[in-house]
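Colleague: Could you walk me through this one? I'd like to look at it while we talk.

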Amino acid sequence: MGDIDDALDRADLEHVTKPPPKTPAAQMRLLARAEKGSTKAVARRLGISRRQVERYLAGTAKHPRPALKAALEREVAKAWQPRVRQQARKKAATSTGLTIETRARFGYTAPIGTTDDPRMRRLTVHLPPEYAHRLFDARRQGAGDAQLRGIVAEGLQEIYFKDSGRRADNLEVDITDIDYFDVSF
């Protein structure tokens, strides 16, 4: 996963209304329910054997090793309250948009006579719903980090750098290095 994917996951978690299950058995039950009862799918998701999943579901195994504990927390966060997170994404994609806060190196392609040297900038920019929609669609279709960066760069280019078409007509922006990236919606 890339910086943008991670930021979208963190933004998703801001919308949950209840804390996720804490015990390994409850976490396994949640994952089994998310996978429609398939212990094989849960095992594949966690990188453990099917039998180990069954032990946790039966209550005979209770204390996961650190790697399994981290995998459980990661996968439970993905599976917890999917409808609540889906509604928040839908609202961002149709009406509210999203806010991006980043410190990144932006490269420019600009007309002759202007500077096109990449430089670090700290930006907080609100992108309209159409960019949120494109970002969520690309992520759902399995787009890589480069494609997500391209969508974000295009949004920042149009809204921040070109000021919604009021200046810098021929400017093209590229994100080349991300120091940090945060999203809220």
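Colleague: What volume does the largest pocket have?

Modeller: A pocket here is an open set of points on a 1 Å grid over the protein atoms alone, where a 1.4 Å probe fits and protein lies on both sides within 12 Å along at least five of seven lines. Points are joined across faces, edges and corners, and the volume is the space filled by probe spheres set on them. For the largest pocket that comes to about 530 Å³.

Colleague: Which residues of its lining are closest to the centre?

Modeller: Before names, some bookkeeping: this is a predicted model, where local features need pLDDT of at least 70 and side-chain atom pairs pLDDT 80 or more, while totals for chains, interfaces and linings use all residues. Residues are numbered from 1 along each chain as its sequence is written, and side-chain values use heavy atoms, leaving out hydrogens and water. A lining residue has an atom within 4 Å of a pocket point. There are 19 of those, and the closest to the centre are D12, R85, Q86, R89 and R139.

Colleague: Which helix gives the most to that lining?

Modeller: Helices are DSSP runs of H or I with at least four residues, strands are E runs of at least two, and numbering goes from the N terminus. At least two lining residues come from each of α1 (3–13), α5, α6 and α7 (129–140). With 7 residues, the top contributor is α6.

Colleague: And how many charged residues are in the lining?

Modeller: Asp, Glu, Lys and Arg count as charged, Ala, Val, Leu, Ile, Met, Phe, Trp, Tyr, Cys and Pro as nonpolar, and the others, Gly among them, as polar. The lining has 6 nonpolar and 3 polar residues. Its charged residues number 10.

Colleague: Moving to the interior, which element gives the largest share of the largest nonpolar core?

Modeller: A nonpolar core is a set of buried Ala, Val, Leu, Ile, Met, Phe, Trp, Tyr and Cys residues joined through side-chain atoms within 4.5 Å; buried means under 20% relative accessible area, exposed over 50%, and partly exposed in between, with a 1.4 Å probe and protein chains only. This core has 34 residues, and L98, F106, L156 and V183 touch the most other members. Two or more residues each come from α1, α6, β1, β2, α7, α8 and β3. The largest share, 6 residues, is from α8.

Colleague: So what covers the buried residues of α8?

Modeller: Helix α8 spans residues 145–161, and its buried residues include L148, I151, V152 and L156. Contact means heavy atoms within 4.5 Å. The cover includes α1, β1 (98–109), β2 (119–127), α7 and β3 (172–184).

Colleague: How many aromatic pairs are there, and what arrangement do F136 and F185 have?

Modeller: Phe, Tyr and Trp rings (the six-membered one for Trp) pair if their centres lie within 6.5 Å; planes under 30 degrees apart are stacked, over 60 edge-to-face, and the rest tilted. The count is 3 aromatic pairs. F136 and F185 have ring centres 5.3 Å apart and planes at 70 degrees, so the pair is edge-to-face.

Colleague: How far apart in sequence are the parts this pair ties together?

Modeller: Both F136 and F185 are buried. F136 is in helix α7 and F185 in the segment after β3, so the pair links parts whose separation in sequence is 49 residues.

Colleague: What do the buried residues of α2 pack against?

Modeller: The buried set in α2 includes P24, Q27, L30 and L31. At 8% relative accessible area Q27 counts as buried, and beyond its neighbours within four places in sequence Q27 contacts P21, K22, L72, E73 and V76. The packing partners of the buried α2 residues are α3, α4 (50–58) and α5.

Colleague: What distance separates the C-alpha atoms of L30 and E75?

Modeller: L30 is buried too, with 7% relative accessible area, and leaving out neighbours within four places in sequence L30 touches P21, V76 and W80. L30 and E75 are 45 residues apart along the chain, yet their C-alpha atoms are separated by 9.8 Å.

Colleague: K36 and Q81 both have positive phi; is Q81 buried or exposed?

Modeller: K36, in the loop between α2 (24–34) and α3 (39–46), has phi near 60 degrees and is exposed at 79% relative accessibility. Q81 sits in the loop between α5 (66–79) and α6 (82–96), with phi near 50 degrees. At 13% relative accessibility, Q81 counts as buried.
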